[in-house]
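Dear colleague,

Please find below the structure that I am handing over to you, followed by an account of what was found in it.

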Amino acid sequence: MIFLYSNFSITNMTLVIIQARMDSTRLPGKVMMKIREKPLLYYVINQIRGSRFKPNIIVATTNLSNDDIIASFSESQNVEIFRGSENDVLDRFYQCTKKFNGNTIVRICADSPFIDYNLIDECFTKFEESNIDYLSNTIIKHGDTWKEDQNGYPLGTSVEVFSFRTLEKAWDESINKFEREHVTEYITKHPEKFRLGFISNSEDLSSYRIVVDFQKDFDLTQKIIGGLPPDSRYTISQVISFLKKFECI
């Protein structure tokens, strides 16, 4: 991967919002499952803090009582917390962005303990330089058609960047339940309404899975974090090198 930086910088008007809840369908409570005595959410936050832009991080969770533990932990890490709708996640993001006066949003999922801070920086920089509404490493354009694609990145390294104006338009126009549950679904499915952009990895690492959806994913994450230097931040290259070395595929 090649990272090119300009003079752009993330300000307090830019929010990195981590989407988190305890009632995940496939592995309930995963965000607070511990590795080296620290919950998975800690590693997501710590990775983001490696960004050269020092972004304003917010954890967006639900109003449900079982998500109190997420709110308490986030506050203990000096991270802002927002609590909103359980199922209308689009509204949760919209209300969160309004509360914190966000101008640009970087969306990260809490099941991504190896989210690469360099990748966040690259996505944000290209977004700012490109005069577009939305950018991600999980969509691609083939001819006149946009579709989902890992673009050579491992599963679990998704970064999305979009403007508040874009989020507000999606929030205002989306009426489909699935689109309300998935923050950017309306945006990516309506390229006629939004200017979309993407980045691709120079090496195809899409066969690797470093997301935590199932118990086996968590077990693998334990092996990786247990085998890498403690209290560190990890790049995609470091994680993949570890997996190749120990054949943890």
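Which residue in strand 9 is the bridge partner of K141? The partner is W146. This is a predicted model, in which local features need pLDDT of at least 70 and side-chain atom pairs count only at pLDDT 80 or more, while totals for chains, interfaces and linings use all residues. Residues are numbered from 1 along each chain as its sequence is written, and side-chain values use heavy atoms, with hydrogens and water left out.

Strand 8 (residues 139-142) runs antiparallel to strand 9 (residues 145-148), and four bridges join them; two strands pair if DSSP finds at least two bridges between them. Together they form a hairpin with two residues between the strands. In the turn, G143 has a positive phi of about 65°.

The secondary structure of the whole protein comes to nine helices and 11 strands. These are DSSP runs numbered from the N terminus: helices are H or I with at least four residues, strands E with at least two. The protein is as compact as a globular protein of 249 residues, because its radius of gyration is 17 Å, close to the 18 Å of the globule rule (taken over C-alpha atoms; the rule is 2.2 Å times the number of residues to the power 0.38). The C-alpha trace spans about 45 × 45 × 35 Å along its principal axes.

Of the 249 residues, 55% count as buried, that is, under 20% relative accessible area with a 1.4 Å probe, protein chains only.

Yours faithfully

Terms used:
Buried means under 20% relative accessible area, exposed over 50%, partly exposed in between (1.4 Å probe, protein chains only).
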